[in-house]
Amino acid sequence: QYLEEGQRSQYVKTMTQLYFQTKNYGKTIEFGQRWIKASPGDIDAVMLVGQAYWLEHDCRNASRFMDQAIDSSQRSGKPVRESWYQIKLNCAVNANNTAEQIDTLQDLVARFPKRDYWDGLLTLMSRNVPDRTMLHFYRLRFDTDTLDNAADYADMAQLAIEYGYPGEAQTVLERGFANKILEKD
């Protein structure tokens with residue numbers, strides 16, 4: 001009440017950041033909410049409050065704030081941070097929410113197409129792949145380099161032969177040998 005409006009909002013922002021640095025996440029959330037109220041479009045405020053909720057193991061609110069940060073960034077044309085999706089993914093894993101895990105991994109592979117994200121997504125999706133599309137599923141695993149074991153290579157090669165693609169089966173087996181996942185004997 002003794003500070004001017006501009007100073008007051010800077011004070012709230014600074015206090016939020018200091019509380020976060022000192023790992024006082026309850027106060028970070030309290031002051032962060034005030035920061036958001038004073039500056040509704042500030043992505044840093046939303047992100048900091050979301051991280052504080054996550055560190056407090058409140059995944060419901062952490063995911064909600066990460067969604068807000070993602071939406072605000074996209075609307076303003078700013079880059080979305082990979083860590084925001086990682087927090088959402090961690091929360092979905094902790095909640096054993098397969099649908100949310102798949103949704104978040106789909107966003108991650110679209111924006112940050114790393115092998116680990118592809119592997120996680122395809123592993124979750126493999127639980128519901130019908131037999132008639134299994135070769136296509138293996139092709140996607142092959143293209144994203146997420147075939148991890150000898151059984152996957154052998155199964156893909158076998159399916160390729162069954163569907164009349166012996167050249168594809170040979171390519172699969174050659175990569176399996178080159179990656180030292182398949183043994184010569």
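**Packing of α5 against α6 and the nonpolar cores**

In this predicted model, helices α5 and α6 pack with their axes 9 Å apart, at an angle of about 160°. Angles over 145 degrees count as roughly antiparallel, and α5 and α6 are therefore roughly antiparallel to each other. Their crossing is left-handed. On the α5 side, the contact is built from E82, Y85, K88, L89, A92 and V93; α6 answers with E100, Q101, T104, L105, D107, L108 and R111. Sorted by character, the residues of this contact comprise six nonpolar, five charged and two polar.

The wider setting is a nonpolar core. In soluble globular proteins, nonpolar side chains tend to be buried together. Here the largest such core holds 36 residues, and W84, L105 and L108 have the most contacts inside it. At least two core residues come from each of α1 (5–21), α2 (25–38), α3 (43–55), α4 (59–76), α5 (82–94), α6 (98–111) and α7 (115–125). The greatest contribution is that of α3, which provides eight residues.

L108 is a handy residue to follow on the structure, as it belongs both to the α5–α6 contact and to the residues with the most contacts inside the largest core. Setting aside neighbours within four places in sequence, L108 is in contact with E82, Y85, L89, P113 and Y117. Of these partners, E82, Y85 and L89 are also among the α5 residues that make the contact with α6.

A second core, separate from the one just described, has 16 residues, including V129, M134, A169 and L182.

Methods: Residues are numbered from 1 along each chain as its sequence is written. This is a predicted model: local features need pLDDT of at least 70, side-chain atom pairs count only at pLDDT 80 or more; totals for chains, interfaces and linings use all residues. Side-chain values use heavy atoms; hydrogens and water are left out. A nonpolar core is a set of buried Ala, Val, Leu, Ile, Met, Phe, Trp, Tyr and Cys residues joined through side-chain atoms within 4.5 Å. Buried means under 20% relative accessible area, exposed over 50%, partly exposed in between (1.4 Å probe, protein chains only). Helices (H or I, at least four residues) and strands (E, at least two) are DSSP runs, numbered from the N terminus. Contact means heavy atoms within 4.5 Å. Axes are lines fitted to C-alpha atoms, for helices over the stretch in contact, and angles run from 0 to 180 degrees between N-to-C directions. Angles under 35 degrees count as roughly parallel, over 145 as roughly antiparallel, 65 to 115 as roughly perpendicular and the rest as oblique. A crossing is left-handed if the near helix is turned anticlockwise from the far one by less than a right angle, and right-handed if clockwise. Ala, Val, Leu, Ile, Met, Phe, Trp, Tyr, Cys and Pro count as nonpolar, Asp, Glu, Lys and Arg as charged, and the others, Gly among them, as polar.
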